[in-house]
Amino acid sequence: MEGMFERLQAGPLRLMEPLDQELFKIRWEQGAEDVLRPLRLLYGHREDFGAWVERLLLAVGKAYAARPSDLRLLDLQRLHQADWFQQAHMIGYVAYADRFAGTLPGVREKIDYLKELGVTYLHLMPLLQPRPGANDGGYAVMDYRQVRQDLGTMADLADLAADLRQQGISLCIDLVCNHTAKEHAWARQALAGDLVYQDYYLMFPDRTLPDAYEETVREIFPEFKPGSFTYYEQIDKWVWTTFNEFQWDLNYANPAVFAEMLDIMLFLANQGVEVLRLDAVAFMWKRLDTDCENQPEAHALLQAFRALSRLAAPGLLLKAEAIVPPPQLVPYLGVGVATDKECEIAYHNILMVALWSALAERKVVLATHVLQKMPRIPARTAWATYVRCHDDIGWAITEDDAAGVGLDGFAHRSFLSDFYTGRFPGTFARGTTFQFNPKTNDRRVNGSCASLAGLEQAMEMELWGETELAIRRILLLYNIILAYGGIPLIYMGDELGLLNDRRYVDEPSRAPDSRWIHRPMMAWDRAADRHDGQTITGRIFQGMCQLITARKRTLALHARTAVTPTWTHNDHVLGLVRESAYGRLFILANFTEKPQMISRVRLSELGFDGLLVNRLNHQFMPMWDDIMIEPYQALWLQPADSLPKQA
Ligand code: OTU
């Protein structure tokens with residue numbers, strides 16, 4: 001890359017102040033290898049490799065020159081406080097802009113509500129221009145540089161990002177990078193026969209390769225569309241469509257596709273977006289005879305995106321959405337030479353599954369086992385922890401993990417599907433089945449947090465004891481995701497206990513997709529009750545606020561702190577030990593409707609003897625007695641003498 005910086009100086013950087021040019025030079029000198037290593041793996045075999053690298057760097061230089069000065073200042077702040085997103089005060093909230101507040105300017109009106117909850121990170125669900133009609137909840141984008149018209153404009157998005165930032169809230173949006181809508185300009189040109197754009201996608205003249213690939217790939221939406229390919233008569237070709245027919249997988253073996261997506265990424269970063277949720281990253285690279293997920297090149301793509309975006313916008317964070325089993329999940333945060341050099345954040349779907357499994361079983365054995373087996377993540381990364389999201393729950397429990405605690409994987413997954421769809425005798429849950437696959441017997445589950453936790457059934461049957469238990473279950477799940485480490489994400493409506501919403505069936509474009517059952521409209525009328533502790537809404541909201549307040553002042557919850565799932569010698573009580581410079585913390589959580597005991601002997605074996613205080617309510621635990629945990633209660637215990645004075 002001889003003379004690269006000089007060419008940038010003569011090109012996109014030429015109008016910049018000398019100091020800003022120097023700053024770019026420093027970043028390039030320090031980051032060059034991080035840029036080149038993944039790019040070599042991806043495209044190093046091409047004769048035009050050097051020209052592509054140059055083209056990518058010119059694009060980065062251009063984005064750097066165009067970066068507004070307030071965002072360049074933000075970059076410096078982030079570089080100086082690199083752990084900003086790992087700190088205990090971080091609280092995430094996830095919402096559809098329209099369902100939460102109508103429009104993007106509408107969201108600005110609701111910042112006070114978010115602040116009341118303590119939110120510092122707002123993920124607004126897909127908001128870039130989708131295809132008309134069915135669009136998979138916005139995950140079929142036809143223009144990445146336009147905001148969905150009914151939500152506002154790109155200028156509104158930039159204004160919102162700035163307002164949020166001023167209030168201490170970082171904006172996250174989706175970048176659907178694995179596929180585009182078939183109405184995207186690239187796809188339309190491909191359909192019109194343009195060979196340059198046909199190479200943006202994965203197209204096959206006959207069934208030979210599609211048949212070969214289908215031997216080994218997973219079907220993601222078997223009920224919507226069997227198989228992973230779709231035939232288009234107009235071009236007489238089969239197109240790779242992992243998800244819906246209208247979502248065309250991009251061909252990242254073509255560097256032009258990588259360059260386009262990088263440009264989009266930097267464009268969005270320059271609007272003030274601070275975190276990009278990269279959708280379906282596991283699927284970005286295909287290889288025959290594999291499941292075409294989690295390929296080394298998919299990781300190289302993310303590493304290259306990160307290294308390049310950090311030259312222009314080092315404040316930007318990348319969040320991986322890879323809903324895959326544990327061994328495949330952790331590498332999205334970087335391993336080996338790529339440690340700390342891939343995505344900064346990844347969804348902890350295993351924790352989410354383990355928690356629902358423990359709640360159904362009233363046992364924490366499987367959860368403890370799978371969480372213990374999770375490798376530690378790099379120091380400068382964090383999990384996004386969550387109880388529910390806009391998607392279904394797939395029971396990502398491997399045969400091995402189930403066998404490790406004496407369970408049969410298939411039988412346990414079936415039990416969970418039965419339990420959460422209301423089929424298991426005595427269940428408290430009200431969910432629905434999603435994407436039954438008769439070939440594998442796999443059944444995923446839909447339902448809102450409150451409905452899955454028993455609130456819907458208890459209220460309908462007017463069983464007040466059960467209602468109380470359901471409220472406690474909701475708060476227990478949120479307790480754990482707040483205490484596990486990483487950015488806890490509150491899914492809109494969970495803080496008010498919103499139930500399944502079956503009205504989606506009246507909208508033709510949504511009716512076939514039952515995930516809409518747990519994507520409700522924000523119930524602002526219910527929110528009005530949130531300060532009334534006599535109401536169910538008030539109980540949940542205030543319970544959540546108390547947890548959030550406790551989390552913010554418990555510095556030991558910093559994401560960098562090691563969390564060790566620990567046997568409590570009571571199979572109904574989850575134990576998480578956290579060790580850090582901020583002191584030791586023992587989180588205990590009772591996953592049953594009966595009181596449970598933890599012996600003092602066990603606590604002192606783990607080094608928790610002496611006077612302990614529960615950080616959730618400031619209560620001291622009697623020195624010698626065993627510890628009693630109420631139904632669905634959790635404790636955050638710290639040795640009383642280890643508490644920082646000001647806390
Ligand atoms: C994501 O999910 C989104 O979260 C979904 O809402 C979209 O429909 C989908 O991509 C397509 O854009 O398969 O069942 O292993 O689980 O990427 C949801 C990863 C999905 C997949 C995940 C995908």
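Here is a walk through the ligand site and then a pocket elsewhere in the list of openings. Keep in mind that this is a predicted model.

Let's start at the ligand. It has 19 residues around it, and the closest ones are Asp136, Asp279, Glu321, His390 and Asp391. If you sort the shell by class, you get nine charged residues, seven nonpolar ones and three polar ones. Where does the ligand sit with respect to the domains? Domain 2 (185-249) and domain 3 (348-553) both contribute residues to its shell, so the ligand lies between these two.

Now zoom in on some side chains that reach oxygen atoms of the ligand. Aspartate 136, already listed among the closest residues, puts a polar side-chain atom 2.6 Å from a ligand oxygen. For histidine 179, the distance from a polar side-chain atom to an oxygen of the ligand is 2.9 Å. Arginine 218 also has a polar side-chain atom by a ligand oxygen, at 3.4 Å. As for how much of the ligand is covered, on its own it has 490 Å² of accessible area, and the protein covers 97% of that.

Next stop is the second largest pocket, which holds about 530 Å³ of space. Its lining is made of 19 residues, and those nearest the centre are Leu475, Gln546, Leu547, Gln633 and Ala634. Two helices, H21 (464-483) and H23 (536-553), are the elements that each supply two or more residues to this lining. H23 gives the most, with seven residues.

What is the lining like by class? Eight of its residues are nonpolar, eight are polar and three are charged. Domain 3 (348-553) turns up again here: both it and domain 4 (561-642) give residues to the lining, so the second largest pocket lies between those two domains.

Methods:
Residues are numbered from 1 along each chain as its sequence is written. This is a predicted model: local features need pLDDT of at least 70, side-chain atom pairs count only at pLDDT 80 or more; totals for chains, interfaces and linings use all residues. Side-chain values use heavy atoms; hydrogens and water are left out. A residue is near a molecule or strand if one of its heavy atoms lies within 4 Å of it. A polar contact is a pair of N or O atoms within 3.5 Å; within protein, one must be able to donate a hydrogen and the other to accept it, and residues adjacent in sequence count only if both atoms are side-chain atoms. Accessible areas come from the Shrake-Rupley method with a 1.4 Å probe; for residues, only the protein chains shown count as cover. Ala, Val, Leu, Ile, Met, Phe, Trp, Tyr, Cys and Pro count as nonpolar, Asp, Glu, Lys and Arg as charged, and the others, Gly among them, as polar. Domain bounds come from an automatic or database domain assignment. On a 1 Å grid over the protein atoms alone, a cavity is a set of points where a 1.4 Å probe fits but cannot get out, and a pocket is an open set with protein on both sides within 12 Å along at least five of seven lines; lining residues have an atom within 4 Å of a point. Grid points are joined across faces, edges and corners, and a volume is the space filled by probe spheres set on the points. Helices (H or I, at least four residues) and strands (E, at least two) are DSSP runs, numbered from the N terminus.
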